[in-house]
Amino acid sequence: MQPYIIYMGELPEARTSIEDKHHSLLMAAIGDEEIARQAKIYSYGKSFNGFAARLLPHEVQKLSDEDAVVSVFANKKRKLHTTRSWDFLGMPGTSGSRNSKVESDIIIGILDTGIYVNAPSFGDKGFGPAPAKWKGKCVKGANFTGCNNKVIGAKYFNLENAATGSVTPADDDGHGTHTSSIAAGVAVKGASFYGIARGTARGGASSARIAMYKVCWENGCSDMDLLAGFDEAIADGVDLISVSIGGPSKDFFSDPMAIGSFHAMKRGILTSCSGGNDGPTEYTIENVAPWIMTVAASSIDRKFQTEFKLGNGASYDGLSINTFAPKKQMYPLISGTLAADTSHQSYLNASACEYGSLSQHKVKGRVVYCEGYFGQDDTIKQLGGVGLAASGDSLADVDVAFVMSMPGTTVSNKDGEKIDRYINSTKNPQAVISKTRTAKMNAPFIAAFSSRGPQLIALNILKPDLAAPGIDILAAYSKLPPVTEDPLDKRHATFNILSGTSMACPHTVAAAAYVKSFHPNWSPATIKSALMTTAVPMKIKDEFAELSSGSGQINPVKAVHPGLVYDITMRSYISFLCKEGYNGTTIALLTGGKKKFNCSSFRPAHGTDGLNYPSMHLQLTDTNASISAVFYRTVTNVGSAKSLYKAKVTAPEGVSIQVVPDTLKFDKLHENRSFKVVVKGGRVKKGTRIMSGSLEWSDSRHR
């Protein structure tokens with residue numbers, strides 16, 4: 001028997017007997033009162049309707065056939081998408097143009113690995129009690145002494161009994177502490193990782209409050225726990241939700257991220273999710289529902305360099321985070337190939353320093369050069385080696401500096417070959433690895449690891465939506481785990497440097513909090529629109545263009561005054577779901593209205609995408625077809641009361657883009673104006689994968 005989630009849509013109007021209803025459904029499917037009681041794992045019923053239970057295949061089928069059930073899906077595991085960033089984005093510090101009083105009433109709910117409340121980033125000096133609307137609580141435990149006025153809530157969900165250590169909201173991984181502090185950590189002067197990247201570390205919404213929902217344990221994040229986290233966070237009164245977790249995209253209402261964020265959106269809460277770390281391949285983007293803000297990872301203008309110097313004076317700039325300063329001028333150097341354990345015939349790859357392939361006698365006291373990097377620092381360290389240089393140009397590694405558990409760095413394949421030649425042509429080869437220093441670089445660009453579009457669920461909604469910093473981000477860390485995954489690493493710190501779309505996601509949730517502090521009544525779609533239409537197109541584009549970056553890098557200060565916004569109402573989402581092929585029964589359950597619901601009685605969703613989305617996207621499934629699309633849009637004036645906007649179009653070669661009308665006149669605030677965009681062209685040229693253009697509305701003050 002395997003755990004399944006039985007999702008039933010919106011809460012019924014009479015909430016008294018929700019658990020009884022779940023039990024009677026289970027009872028009908030299983031046919032035995034006692035077994036049905038034991039089979040149920042959990043009832044969701046604070047913010048949406050559903051339950052989790054252990055089922056056999058025929059019971060799954062029976063429950064799927066029930067009118068009251070939207071979907072039944074197996075409980076799967078998802079994974080984590082593992083400070084200079086705010087200065088680079090131009091965000092004002094604690095003073096400056098901030099609305100700190102309103103901001104301190106904003107509560108950011110974070111679904112993650114827990115939180116280390118004692119980190120300096122979560123100090124609550126100057127914070128008053130939790131906002132009056134807060135209904136959550138702080139669950140204490142052995143290694144978790146409680147919350148404060150900064151971290152106002154902490155709960156955990158362990159429905160699979162997956163935890164091996166203590167079951168509390170404490171962060172024994174570090175990821176949840178890191179993401180929470182990026183979103184809303186207070187400013188900490190002189191923050192660094194063992195002296196590297198020293199400066200002031202601060203969260204984007206440093207006055208906002210944090211509520212942690214621990215849904216991840218050592219073996220990942222289960223769908224059941226994730227949904228329980230959403231169910232509680234929405235009911236507790238959070239204003240925004242940040243989730244740096246993902247898994248393969250599924251049909252919206254068999255996907256816990258899409259389900260949880262849908263019910264959050266219905267209650268005015270915007271959910272921001274990381275887009276995944278499976279780039280740079282196309283079709284890898286995750287968390288793609290249109291009501292989610294899906295985030296790609298971009299660079300900031302700083303990189304970490306670690307010098308690798310040879311005995312002959314040649315030196316190479318490597319990429320790593322090496323906190324160890326050398327104690328000698330030079331150390332003996334050997335390659336994995338020469339350090340191979342020849343005492344037994346082995347199929348292991350010694351040149352790559354695979355575990356078990358090297359001789360301890362040859363490695364001890366030496367720096368080892370390995371081909372390719374996959375975390376061999378642990379291996380070399382166990383054998384008594386004193387340093388590691390690894391070569392590699394694998395796309396996912398070229399822009400990320402990893403924290404090494406011993407003196408180490410990664411170099412390019414070209415430099416690796418030179419190092420190898422030196423080792424093989426020198427009697428006593430030597431080398432030394434310096435402590436890491438920071439260097440400037442051209443930015444922003446999208447990280448190679450960041451997942452790329454297009455998406456596979458709603459083909460004409462562009463994902464990701466936006467990009468935010470996610471490479472080498474210094475932020476708070478938990479003191480419970482060591483700073484690397486090496487169990488022998490003795491270092492524990494309250495700051496660490498991590499990379500991933502996991503780090504990009506809380507940057508955008510903080511930007512949303514910043515916008516919300518000036519416009520408390522804006523809907524989730526309006527805030528998202530403001531961030532998307534004011535984003536800065538990538539300065540350095542890759543071959544996947546907007547499939548990498550969406551609308552571009554967030555520009556939170558500009559987003560406060562977007563001029564025009566694309567709002568999306570609940571009715572619009574329903575028309576969109578009808579167009580996407582969901583039936584009336586399902587939609588009735590999602591909206592929780594009266595039983596009868598008919599898509600044909602609803603205003604049909606017009607155009608290629610059927611949604612008032614702040615980007616326009618067409619996937620051509622037939623490569624021989626001509627380009628043809630029409631997008632219907634409505635903008636709301638949030639700029640100057642009396643204004644005239646003119647359209648400016650940049651079209652790719654061979655495509656005509658027509659905007660009708662091409663001027664929009666507004667007489668007052670919150671007035672709506674509609675237009676359509678007609679895109680036409682011949683067949684796409686052979687070899688062309690992506691064509692992109694832009695539509696800019698400008699009244700000379702807003703773009």
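How far apart should the ends of helix 12 be at 1.5 Å a residue, and how far apart are its end C-alpha atoms? Helix 12 covers residues 501-518, and its 18 residues should span 26 Å, while its end C-alpha atoms are 27 Å apart, which agrees. The expected span here is 1.5 Å times one less than the number of residues in the helix.

Before going on, I should say that this is a predicted model, in which local features need pLDDT of at least 70 and side-chain atom pairs count only at pLDDT 80 or more, whereas totals for chains, interfaces and linings use all residues. Residues are numbered from 1 along each chain as its sequence is written, and side-chain values use heavy atoms, with hydrogens and water left out. When I say helix or strand, I mean a DSSP run, numbered from the N terminus, with at least four residues of H or I for a helix and at least two of E for a strand.

Let me stay with the helices for a moment. Of the 18 residues of helix 12, 17 are buried, so this helix is largely enclosed by the rest of the structure; buried means under 20% relative accessible area, exposed means over 50%, and partly exposed lies in between, with a 1.4 Å probe and protein chains only. Helix 7, residues 223-236, can be read in a similar way: it has 14 residues and reaches 20 Å from its first C-alpha to its last, close to the 20 Å expected at 1.5 Å a residue. Because 13 of those 14 residues are buried, helix 7 is also largely enclosed by the rest of the structure. Just after helix 7 comes Gly237, which takes a positive phi of about 100 degrees.

Now to the strands. Strands of a sheet pair through backbone hydrogen bonds, either parallel or antiparallel, and two strands are counted as a pair if DSSP finds at least two bridges between them. One open sheet has 3 strands in the order 32-30-34, and its pairing is antiparallel. Strand 32 (663-666) and strand 34 (694-698) stand at the edges with a single partner strand each, so one side of each is left without a neighbour in the sheet. From one strand to the next, the twist averages 20 degrees, where axes are lines fitted to C-alpha atoms, for helices over the stretch in contact, and angles run from 0 to 180 degrees between N-to-C directions. Strand 30, residues 643-650, pairs with strand 34 over 5 bridges, and Val649 has Leu695 in strand 34 as its bridge partner.

Strand 23, residues 430-433, is worth finding as well. With strand 17 (residues 302-310) it pairs in the antiparallel sense over 3 bridges, and Leu310 stands opposite Ala431 of strand 23. Strand 19, residues 331-335, is joined to strand 23 by 2 bridges, and these two strands also run antiparallel; here Pro332 has Gln430 as its bridge partner.

That brings me to the cysteines. How many disulfides does the structure hold? There are 4, each counted as a pair of cysteine sulfur atoms within 2.5 Å, and they follow the pattern 1-2, 3-4, 5-6, 7-8 when bonded cysteines are counted along the chain.

One of them joins Cys138 and Cys147, with sulfur atoms 2.1 Å apart, and the torsion about its S-S bond is about 90 degrees, so it is right-handed. Cys138 is partly exposed at 24% relative accessible area, and Cys147 is partly exposed at 26%.

In another, the sulfur atoms of Cys216 and Cys221 are 2.2 Å apart, and a torsion of about 105 degrees makes this disulfide right-handed. Cys216, at 2% relative accessibility, counts as buried, and Cys221 is buried at 0%.

Cys578 and Cys599 have their sulfur atoms 2.0 Å apart. Cys578 lies in helix 16 (residues 570-579) and Cys599 in the loop between helix 17 (584-591) and strand 29 (626-637), so the pair ties together parts that are 21 residues apart in sequence. The torsion here is about -85 degrees, so the disulfide is left-handed.

Finally, why is there no bond between Cys273 and Cys505? The sulfur of Cys273 is 6.0 Å from the closest cysteine sulfur, in Cys505, which is too far for a bond. Cys273 is buried, with a relative accessible area of 0%, and Cys505, in turn, counts as buried at 0% relative accessibility.
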